[in-house]
Amino acid sequence: MNTLQANATTGEVFLRLPAPHENIIITTPRESDRDDLVLMLNDPRIYKFLLSPPFPYQPHHAEEWLRTTKEKSDELLEDLRKGKAVVDGCPVQYIRETQADGTDLLLGDVSVRRNGWLEVDDEEQRAKMAKENLAKPVGDHSIVWTIGDYLRPSHHGKGIMSAAVGAVINRWMVPYMNAHNIRTEAIEGNIGSVRVFEKNGFRLLELVKVDRIGPGFGRVEGVHVLEWQRPGE
Ligand SMILES: CC(C)(COP(=O)(O)OP(=O)(O)OC[C@H]1O[C@@H](n2cnc3c(N)ncnc32)[C@H](O)[C@@H]1OP(=O)(O)O)[C@@H](O)C(=O)NCCC(=O)NCCS
């Protein structure tokens with residue numbers, strides 16, 4: 001586990017971002033993250049750009065989410081401890097900034113999962129594609145992955161998410177997940193998100209027209225689709 005380090009006091013596993021963001025780490029979930037998740041996911045500067053989380057985002061949503069992500073993270077760490085060279089996800093996803101007094105501030109989330117083709121309007125077709133992708137064995141090079149992310153608005157525009165996505169892909173997904181394909185979606189007009197992925201080697205494929213009830217119950221009419229393929233392929 002060269003990429004991951006463990007906190008000397010708490011044992012919590014983390015991945016540190018490179019300079020100039022050395023004060024930022026990506027860690028496993030904590031129960032104490034609940035209130036920060038509720039705060040961020042009810043902020044229009046965040047929720048209006050996300051297709052998956054419920055809205056309004058209630059404390060019980062955060063509790064369930066933290067429980068599920070902690071279970072998944074624990075499973076992945078256990079697989080690694082048992083010596084598995086390739087695992088089915090990334091055990092760290094919560095971005096935190098270490099403050100001058102040694103405490104840390106939750107900045108957001110960068111999470112990896114198997115792709116679910118959110119941009120496909122036809123539910124049956126979408127479910128079929130997601131099911132086939134989920135059925136692939138761990139480490140299969142044809143698995144299509146996706147990355148979801150959001151950041152506390154006070155920290156937007158400082159290059160943090162570009163660095164976090166880069167670290168997760170290059171230092172985790174490639175060496176420890178055998179990732180070859182990643183597909184992401186951004187709601188039409190989310191230029192910041194498109195740029196984060198482009199800066200990490202993604203190609204903007206198309207703007208897919210959709211017809212959805214979107215976050216905060218607005219309408220979503222278009223989704224940018226981006227794709228990353230392992231360099232050299
Ligand atoms: C999208 C988001 C994660 C970007 O994170 P960030 O740390 O602010 O992004 P970075 O600072 O790494 O910026 C990356 C690039 O995007 C550009 N950018 C960032 N926000 C932008 C905005 N609102 N409009 C235009 N460009 C923007 C930056 O200028 C930079 O490009 P450059 O290097 O060519 O100048 C963040 O704005 C966010 O959390 N938004 C709300 C939730 C969201 O949209 N999540 C993604 C869902 S697909």
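Trp117 is buried, with a relative accessible area of 10%, and in this predicted model its phi is near 45°, a positive value in a residue other than glycine. The residue lies in the loop between strand 5 and helix 4, and that loop also holds Asn115. Asn115 is likewise classed as buried, because its relative accessible area is 2% and the limit for that class is under 20%. Leaving aside residues up to four places away in sequence, Asn115 touches Ala130, Asn133, Val144, Trp145, Thr146, Arg183 and Glu185. Helix 4 spans residues 123-135, strand 6 spans 144-151 and strand 7 spans 181-187, and these ranges allow the reader to place each of those contacts.

Strand 6 also takes part in the packing around helix 1, which comprises residues 34-41 and has Leu37, Val38, Met40 and Leu41 as its buried residues. In an α-helix there are 3.6 residues a turn, so residues three or four places apart point the same way. With that spacing in mind, the reader can inspect Leu37 and Leu41, or Leu37 and Met40, within the buried set of helix 1. The buried residues of this helix pack against helix 2 (44-47), helix 3 (59-81), strand 4 (94-98), strand 5 (104-114) and strand 6 (144-151).

Two proline residues mark unusual points in the backbone. A cis peptide bond, with omega about 5°, joins Ala19 and Pro20, and Pro20 is placed in the loop between strand 2 (13-16) and strand 3 (24-27). Phe55 and Pro56 are also joined by a cis peptide bond, here with omega about -10°, and Pro56 lies in the loop between helix 2 and helix 3.

The ligand occupies the space of the largest pocket. Of the 23 residues around the ligand, those that come nearest are Gly157, Gly159, Ser162, Asn190 and Lys199. Helix 2, strand 6, helix 5 (160-177), strand 7 (181-187) and helix 6 (191-198) each supply at least two residues of the surrounding shell, and helix 6 gives the most, with five residues. Polar side chains also approach oxygen atoms of the ligand: an N or O atom in the side chain of Lys199 is 2.6 Å from one such oxygen, a polar side-chain atom of Asn190 lies 2.7 Å from a ligand oxygen, and for an N or O atom in the side chain of His156 the distance to a ligand oxygen is 3.2 Å. On its own the ligand has 920 Å² of accessible area, of which the protein covers 72%.

Beyond these residues, Asn200 is found in the loop between helix 6 and strand 8 (203-213). Asn200 is buried, with a relative accessible area of 17%, and, not counting residues up to four places away in sequence, it touches Ser162, Val165, Gly166 and Trp228. One of these residues, Ser162, is also among those that come nearest to the ligand, while a polar atom of the Asn200 side chain lies 3.4 Å from the backbone nitrogen of Gly166.

Helix 5 is followed by a loop leading to strand 7, in which Asn178 is found. Phi of Asn178 is near 55°, again a positive value in a residue other than glycine. Asn178 is partly exposed, with a relative accessible area of 23%, whereas Trp117, with its own positive phi, is buried.

Note on methods: Residues numbered from 1 in each chain as written. Predicted model: local features only at pLDDT ≥ 70, side-chain atom pairs only at ≥ 80, totals over all residues. Heavy atoms only, no water. Buried < 20%, exposed > 50% of the residue type's maximum accessible area, 1.4 Å probe, protein only. Helix = DSSP H or I, 4+ residues; strand = E, 2+ residues; numbered from the N terminus. Contact = heavy atoms within 4.5 Å. Near = heavy atom within 4 Å. Polar contact = N/O pair within 3.5 Å; in protein donor to acceptor, adjacent residues only side chain to side chain. Areas by Shrake-Rupley, 256 points an atom, 1.4 Å probe, with all protein chains shown as cover. 1 Å grid on protein atoms, 1.4 Å probe; cavity = no way out; pocket = protein on both sides within 12 Å on 5 of 7 lines; lining within 4 Å. Sits in = over half its atoms within 2 Å of the grid points.
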